[in-house]
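Biologist: Before we discuss this model, please show it to me. I shall ask how each label is justified.

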Amino acid sequence: MKRIALTVAFCAIALSSCSKAEPPRQFSQQALNAALADPMRKDQSDVDARRKPAVLVALAGVKPGDKVLDLIPGSGYWTRIFSKIVGPQGKVYAVWPQAYAKEATGDIATLRKLSADKYYGNIVTQVQPSTTLTAPEALDVIFTSQNYHDYPDEFMGKTDPAVLNAAVFKLLKPGGTFLIIDHMAKPGTGLADTDTLHRIDPATVKKEVEAAGFKFAGESKVLENPADPLNIPVFDKSIRGHTSQFAYKFVKPN
């Protein structure tokens with residue numbers, strides 16, 4: 001009888017604990033709006049009209065408390081936004097592969113300065129081996145803008161994107177998001193233009209990422225530009241800053 005009573009009591013305690021568990025974190029439009037209004041990003045907010053952060057961060061679903069990895073973050077445009085959304089309970093890892101870091105010493109110095117600033121105290125800046133992407137904890141979102149196409153290029157050691165995709169899959173929590181923004185190449189070109197035009201065929205990206213086990217979960221067309229001929233370098237003065245880009249969301253299955 002005592003054993004039965006103890007079992008019942010244990011179950012009651014367990015159920016009580018479960019009932020007090022925190023509900024799943026939710027995307028917050030209010031947190032996104034506040035991050036975009038952050039006065040400390042005034043030097044970058046002038047490009048919001050063309051970079052469409054309100055739409056694309058919502059697509060990625062970055063939430064308060066999330067652990068986010070911003071892969072090849074440039075001067076920290078997205079990193080700063082993520083930092084203010086995830087808040088003190090979250091973390092933002094700003095990561096460069098070593099090969100790319102050689103080309104981005106100024107940006108790395110900028111992000112390291114942000115990491116040392118208490119205002120952005122949840123940012124961690126790292127340079128990692130080019131063929132190895134790591135994180136000290138499971139992640140909710142991995143985000144990369146205009147750099148997926150770099151991996152197969154000469155300066156990156158001709159890294160197979162499959163290596164990146166497998167690492168991303170491993171690092172994300174079940175249900176986690178991999179958000180890729182990149183410059184469009186013409187359909188059917190595959191990886192042919194990654195080094196010369198700095199563009200990539202969206203269909204190739206989708207095929208490669210799905211091959212790693214991800215599920216395609218949506219896209220945004222807000223960065224598409226019908227005036228872009230898709231066959232000139234992205235740095236050409238006629239199109240720079242206004243290339244047609246795709247934004248694909250992939251999710252790791254639960």
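Modeller: Let us begin with the side chain of Asp 182, which reaches the backbone nitrogen of Tyr 148 at 3.2 Å. This is a predicted model, in which local features need pLDDT of at least 70 and side-chain atom pairs count only at pLDDT 80 or more, while totals for chains, interfaces and linings use all residues. Residues are numbered from 1 along each chain as its sequence is written, and side-chain values use heavy atoms, with hydrogens and water left out.

Biologist: What makes the approach of Asp 182 to Tyr 148 a polar contact?

Modeller: A polar contact is a pair of N or O atoms within 3.5 Å; within protein, one must be able to donate a hydrogen and the other to accept it, and residues adjacent in sequence count only if both atoms are side-chain atoms. The value of 3.2 Å between Asp 182 and Tyr 148 therefore meets the limit. A polar atom of the Asp 182 side chain also lies 2.8 Å from the backbone nitrogen of His 149.

Biologist: How do you know that Asp 182 has no salt bridge?

Modeller: A salt bridge needs a side-chain nitrogen of Lys or Arg within 4 Å of a carboxyl oxygen of Asp or Glu. For Asp 182, the nearest side chain of opposite charge (Lys and Arg count as positive, Asp and Glu as negative; His and the chain ends are not counted) is Arg 199, 8.7 Å away. Asp 182, a residue of strand β5, is nevertheless buried.

Biologist: With which residue does Arg 199 form a salt bridge, and what is the N to O distance?

Modeller: Arg 199 meets Asp 228 at 2.9 Å, N to O, so the pair satisfies the limit of 4 Å. Asp 228 lies in the loop between β6 and β7 and Arg 199 in the loop between β5 and α9, so the bridge ties together parts that are 29 residues apart in sequence.

Biologist: Why is Arg 199 called buried or exposed?

Modeller: Buried means under 20% relative accessible area, exposed over 50%, and partly exposed in between (1.4 Å probe, protein chains only). Arg 199, at 0%, is therefore buried, and Asp 228, at 5%, also counts as buried.

Biologist: How is Arg 25 classed in its salt bridge with Asp 140?

Modeller: The closest N and O atoms of Arg 25 and Asp 140 are 3.6 Å apart. Arg 25 has 35% relative accessibility and so counts as partly exposed, whereas Asp 140, at 11%, is buried. Both residues belong to a salt-bridge network that also links Lys 63, Asp 66 and Lys 173.

Biologist: Why are the buried residues of α9 said to line one face?

Modeller: Helices (H or I, at least four residues) and strands (E, at least two) are DSSP runs, numbered from the N terminus. In α9, the buried residues are Pro 202, Thr 204, Val 205, Glu 208 and Val 209. Seen down the helix axis they fall within an arc of 155 degrees, so they line one face of α9; the arc is that of the directions from the axis to the C-beta atoms. The face turned away from the buried side carries the exposed residues Lys 207 and Ala 211.

Biologist: What caps the N-terminal end of α9?

Modeller: Asp 201 does, with a side-chain oxygen 3.1 Å from the backbone nitrogen of Ala 203. That distance therefore also lies within the polar-contact limit of 3.5 Å.
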